[in-house]
Amino acid sequence: MSVVGWLKKDGKWKMNRVVGLMLVVLAALVSLVGCFYTPYDPNAMDATLKNASPSLAHLFGTDNFGRDVLSRVMKGAGTTFAVGLSVVTIGAVGGCLVGAFTGYFGGKADLILMRFNDAVAAIPSILLALVFVGVFGSGTVQLIAALGILFIPSFARVVRSGFVVQKELDYVKNARLMGASHLRIMFVHILPNIKGSLLSALAIGFNNAVLSEAAMSYLSLGVQPPDASLGRMLSEAQPYLFRAPWNAVAPGLMILFSVLGVGLLSLEGGAKHD
Amino acid sequence: MRYFMKKTIALVVTLLLAAFLTFLAFEVIPSDAAVANLSIDATDEEIEALREAMGLNRPLMVRYGSFLLGALTGDFGESTQYRIPVSELLSDRFGVTVSLALLSFVLIVGISVPFGIFAARVKSKAGEGFVAFLTQTMMAVPPFFLGMLITLLFGIVLRWFTPGAYVPAGEDFFGFLGFMIFPAIAVAVPKIGMSVRFLQGSLKEQMGADYVRTARSKGCTNRRVLWRHVLRNALVPVVTFLTMVMAEILAGSIVIEQVFNLSGVGRLLAVSISARDFPVVRAIVLYTTAVVVLLNYGADLICRFMDPRIKEL
Amino acid sequence: MKKKAIFLALLVFVTALCACNGGKTGKKGSEDAVSAVVGITQDLDSLDPHKAVAAGTDEVLFNVFEGLVKPSADGALVPAVAKAYTIAPDGMSYTFTLRENVKFHNGEVVTADDVIYSVKRCAGLLDDKDPEVVVESALSVISAVEKVGEDTVVISLSEPNTELLGFLTCFIIPEDYENQESAPVGTGPYKFVSYTPLTSFVVERFGDYYGEQPYLENVTFKICASNDAAFMELLSGSIDIFPYLTDEQAAQLTADYNLAIGSTNVVQAMFLNNDFGPFADLKVRQALCYAVDKEELLNIVSGGRGHVIGSNMFPNFGVYYDASLENYYTYQPEKAKELLKEAGYDESNPLKFVVKVPSNYDMHVATAQVLTEQYKKVGVQAEIQLIEWSAWLTDVYRARDYEATIVGLDAALAPSDVVKRYTSTASNNFVNYENPVFDETFAKALASTDENEKITLYKDIQKILTEDAASVYLQDGAKLVAVNKKYTNFLFYPVYVLDLASIKPAE
């Protein structure tokens, strides 16, 4: 299926996909370019340019250290998206496995796994974050691992509730009569049928992962200063909202674009029931 | 009856598991209450003596066992930081967190269910795009940032409320409401975005399902299809989602409580973790676990009621 | 139809909720002029003053408790529960005469026994020791605390020490009082009213106070969740005094507040673990000192406020402080590069180290960011690692498992307290500094009974530390306080206290 074909339906453009793709491509481009080129060194300071307002030299102004906000956003976006995508991937894969098995088979395995699921869901994220720092030291990889684990329970619950409903439906029974294996039924037959809620969960998950990165960076786990991430930039901009709002605008827009883009792409186009 | 027996056992198992995980976590993280409670220049002997007095030197399983024995009799120990019984310390904090959670939940359900249904019925491209844009934007704002914006706008510029002027509902209900509505909005906005998104997705999924087509082909009117069958089925995953949201906000939002200067469970948790106040932390974890599990049961019951085909959840 | 009605009802309910606040604003913190709300950002860690560890707690409890002597704003130690004292010429004993009829907040009169109990408790000399009591290590030289007559207490030492007075500010509490933790009782100008964890600590004027009655009748210390949250409350007018403004916040103060500027009385430095391979080399440590542009640092992190220091002491130590050391290491990047080359580091083999910074101190985190950039310019790669405060205490301060760290260290009102940690045997010598000349000079200074000699010796000590580049000394930060214009006379002390008894009404 070509990209254009995917973007069109019955000859009409699917706007959610078009706009979503544009936003995601924009966010990806900015962060990709940021890996190789930024207008300024993102960490270079200038005491004479503290919180300077946007100008031709600094399109999005400078921050409290006189660092170029645009350069920091370009560099930080890459970090943030990498964290967000990895966390959602871990959470979704883990959650799908746990949710599918427990929902489909039920019984003892379901009981035990779900108890574990609940227990993990109840562990405060700061505590888990500190455990990871204690054992593995602080860093971006540890951040991804800790958040990834925290994201499993919610995915597992969503997937499980889908499976519990679906496994009673006729098509599953038919498939079983036709001799399909359990694994095949679970991942080939049922999983596509809960695509809608799973896609929603994925989009929300990506959104939450990006936001959690902000909260976690604040707790000394993960991205360490002076390196930028969108979340860290946003929380650092907080004291200057009155005097230098541009500190928050660029990272805020970047988060919005990416999350909005992913959200739009994951929307099942309304065409289905027309 | 058997159902409740089973669920109670499951609850107890989860609580034991969560408590044990917390014990393990506190084994791993550096520092402990003895170090946190003495001056930075305390000698090793002094720290050792306090550790001994606090019973931190006993083996992990012994501490776990004695905690369980205490918990059985309703004794959750004493806060190492505040030196008052944990139950006393927590009961004051619950009021704040629970009232915030209830208020936010009313907002979330009250706004997102009608809005979600409306969103699922929107057919024009522009309308769909607008709904998507709106919900995604609501989701994309970090809560601390939203809280800060709300405080700035309504607290400082418009002066609709005085930041930090929380009063308990028992003292002045309208004063309480006039303050709490703002943190509740900050909690609710991203969740509304999410649950609208969720409900909309789930509804559309159901609309595309075979039974809807069948019902329609039999001449059912659209409205009846939507309300009778679709909504009932579509709400199952949404109820699951909403209970998770409720559990999350009942556990206390550290960020929102900090921005609005509320002394709820979330802030107490943050303070207790950094002071290594283990008795308080494990009590909060147990509380959170109980909330998560019980709400899940609640969700199960609601789902079973709505969709009798679900036998076991 | 029914469904529509439900929907409408919901809408009405939500709108009603939103409308509730219309016109309704919370109560202002200070309606009459004699009460004030003070914003603090740290919860009290104990109401028993001898169990309190956090500087923020001492700061507040200073209003409720007093010692035999207490610090005054000009840096002197003035008699409090004692009315007079003498120090034996050989520095082996201190004699205190108690003030008559000093009352505790519970109405009891302070006796010599209360004083003996309190001093012993702080020195760890009681028979049944409470392991939670924070023992002041400087008081360990006390060998006996005895009563001579009804109103005289003699403190004898096991070795000469003429600087103990600065530690005898330890708070006097009643001997047979059980509820210190929940309802503290002291002798200060304010008495305890109530405390709610994470919410507030409330005190009122103590009518039987022996000294001048304070102007403020009721003071509420409001415990704020964060600096930002506290500042919002300040902007809305519900806080009268806020002592922890950042430079940025100070610039945004509304017309209702005055800005008072003092100093934080801490030595902020990048402390170097002298045992860490590269830092064992004097040249490397000196290079790190030459590579720092303190001027730029202050401009970036605190708007140019703050006082540059050159050794492990700060200006409020007055005569003991050696200001000439402030310019010992000026910003000379070329010299730094040279020294590094001599030590064997260049572009192909750059000096690398990790600097651990406690994440709860924004000031130190900001400082670390500036320093790493400045070091980059001389080819040094410093990597920041944020660390939680509790973990800093165990890993960095106790286990000394670090390469470099940035913190601020405060001190009691005794010059020995601020440099004692550099003696090779000190248990808190977390920089692993070792210099026999230093040890010798310090011992002499501590025992010296001649003030002029003491001053010279302490200046020598500071110079030794600077010449050895024991660490990279940065600044004594500025303390910015917002004070409601209704009030005046907010006093700064050379120690970490928040004195509300001195507040006066503005004319």
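This report looks at model confidence, the fold of chain C and the interface between chains A and B in a predicted model.

## Ground rules

Residues are numbered from 1 along each chain as its sequence is written, while chains are lettered from A and ligands numbered from 1 in the order in which they are written. In this predicted model, local features need pLDDT of at least 70 and side-chain atom pairs count only at pLDDT 80 or more, whereas totals for chains, interfaces and linings use all residues.

## Confidence

The model scores ipTM 0.83 and pTM 0.85. For chain C, pLDDT (the predictor's confidence in each residue, from 0 to 100) averages 88, and 93% of the residues score at least 70.

Among the elements of chain C, helix H6 (residues 282-290) has the highest mean pLDDT, 96, and helix H1 (residues 2-19) the lowest, 45. Helices here are DSSP runs of H or I with at least four residues, strands are runs of E with at least two, and both are numbered from the N terminus.

## The fold of chain C

Chain C holds 13 helices and 21 strands. Its radius of gyration, taken over C-alpha atoms, is 26 Å, close to the 23 Å from the globule rule for 507 residues, so chain C is as compact as a globular protein of that length. That rule is 2.2 Å times the number of residues to the power 0.38.

## Where A meets B

Here, 52 residues of chain A are in contact (C-beta atoms, placed from the backbone, within 7 Å) with 55 residues of chain B. On the chain A side, H9(A) gives the largest share, 9 residues.

Note on methods. Two residues are in contact if their C-beta atoms, placed from the backbone, lie within 7 Å.
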